[in-house]
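Reader: I have a chain with a bound ligand to go through. Can we take it point by point?

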Amino acid sequence: MKFTGCKGLRGEITVPGDKSISHRSVMFGSIAKGTTEIHNYLQGADCLSTIACFRSMGIEIENRGGLVIVHGKGMRGLQKPDAVLDCGNSGTTTRLISGILSAQDFEVTLTGDASIRKRPMKRIIEPLSLMGADIRSIPENGCAPLRIRGRKLRGISYASQVASAQVKSSILLAGLYADGETRVTEPYLSRNHSEIMLRCFGADVRTEFARSGEPGSHGTASAASGSGPSGSAPVSSRATAVIQPAAELYGSRVDVPGDISSAAFFLCAALMLPGSELLIRNAGINPTRAGILKAARSMGGDITLYNEKKDSGEPTADILVKSSALHGTVIEGADIPTLIDELPVIAAMACFAEGETVIRDAAELKVKESNRIAVMAENLTAMGADVTETEDGLIIRGGRPLHGTVIDSHADHRIAMTFAVTALSAEGETEILGAECVNISYPEFYQDLEKLKIF
Ligand code: S3P
């Protein structure tokens, strides 16, 4: 696909449903008793993979577009699938489902596309094995395909090396089936959608926080969050999610907010392009997830929130964005998990900011759908940007004009969308190879972008 510049983005947009929340709603609905009604379910390929996996384990799921109805069969209602479960391109499907499958009374093999088969699974194999699961990487390289034989599980107390919601959620889901309490501590709080939604489905899950350096920060948590994971969760502290075994979960209604990760492309484009004023309606702004708002503001971005409310326990808002004179910033530490998927588009935006932007502590980017550090450095450099790739991030010196070129998306949806919006601020034509991969998280992305452009 080819893109050329425009003056700005104007108007209103409602982005599709949140990918992380959509996945969880079908997974939890499938192992809950009764019906789960999901409004605004994301129809991206990743979330369709999750539906397909649970259908092949005997769960009836009606997909009526915006509305998905899951006829849950309870914690013990899944059936052995006839074939290998195909998780497609979806890390969330692969890792979260593994937690559930570790406790079933059947054997299953999980796999996915070429990208999924390169992504690290040791991070879930290790804790799930400690819980008693029989789970192994068939090629013995720590990657999928995975063979899982369900077992009786025991509760564990696990310190994860990475702040990863997929790892945390996989363990918590296994913890629902364990014989006692399960605790997962992560260096920084990662997105807490599982904790919020599991509570709505009746699970006993809470989050404890320990600020590093405070008494109690070594092993025991110093402060329990009274109301559990919520909009006020302190994202800067080490966090422990604690779950009790559940006899049953109960079907619920889920209203999926707009995906802030999808909104991020329009938000950054509007900030970069001089003639922009854009209203993004009903986007999720959960602070464990919406670090893009903080980062963009710290770069001088003019962003105002309206109509703040909560849907199914998740905070949402309308976001008004106006083009802004941007300057460099430093993005690091506890903020990284809150904007991990937005770092590619933030890096692109930094090319249009005055001064230097440093992104560090983000080595996780190397093990996403592509190596996003290398791919961003390669593609931004090809457009004329001044970018240095580091071990755990990028340094971008803004201010150089960018020019169009041929961009390889490496079949990574967030890379394709990042360069579709970067092209709007570049001189000449940009061609994106493999542009159709946006289908993974945002099938109508190009059409929606087209509608907002002004010339
Ligand atoms: C996700 C968690 C993040 C994120 C991914 C979705 C989730 O991955 O990058 O797009 O839904 O839990 P990690 O848990 O690997 O950081």
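**Loops, ligand and confidence**

Author: Start with a loop. P145 sits in the loop that joins β8 (134-137) to β9 (146-149). The model is predicted.

Reader: Is the peptide bond from A144 to P145 cis or trans?

Author: Most peptide bonds are trans. The bond from A144 to P145 has omega near 5°. That bond is cis.

Reader: Which residue that is not a glycine has a positive phi, and what is the value?

Author: Most residues other than glycine have a negative phi. The residue in question lies in the loop between β3 (32-39) and α2 (45-55). It is N40, with a phi of about 70°.

Reader: Which helices each supply at least two residues of the shell around the ligand?

Author: The ligand is surrounded by residues including S20, R24, T92, R95, A165 and Q166. Set these against the helix ranges 19-30, 91-101 and 165-175. The helices are α1, α3 and α5.

Reader: How far is a polar backbone atom of Q166 from an oxygen atom of the ligand?

Author: Take two side chains before the backbone. A polar side-chain atom of S20 is 2.7 Å from a ligand oxygen, and one of T92 is 3.3 Å from a ligand oxygen. For the polar backbone atom of Q166, the distance to a ligand oxygen is 2.8 Å.

Reader: How much of the ligand's exposed area does the protein bury?

Author: The ligand takes up the space of the largest pocket. Alone, the ligand exposes 390 Å². The protein buries 95% of that.

Reader: Over which residues is the pLDDT below 50?

Author: The chain has a mean pLDDT of 94, and 94% of its residues reach 70 or more. One stretch falls below 50, yet has 36 contacts in the model beyond near neighbours in sequence. That stretch is residues 213-231.

Notes
Residues numbered from 1 in each chain as written. Predicted model: local features only at pLDDT ≥ 70, side-chain atom pairs only at ≥ 80, totals over all residues. Heavy atoms only, no water. pLDDT = per-residue confidence, 0-100. Contact = heavy atoms within 4.5 Å. Near = heavy atom within 4 Å. Polar contact = N/O pair within 3.5 Å; in protein donor to acceptor, adjacent residues only side chain to side chain. Areas by Shrake-Rupley, 256 points an atom, 1.4 Å probe, with all protein chains shown as cover. 1 Å grid on protein atoms, 1.4 Å probe; cavity = no way out; pocket = protein on both sides within 12 Å on 5 of 7 lines; lining within 4 Å. Sits in = over half its atoms within 2 Å of the grid points. Helix = DSSP H or I, 4+ residues; strand = E, 2+ residues; numbered from the N terminus.
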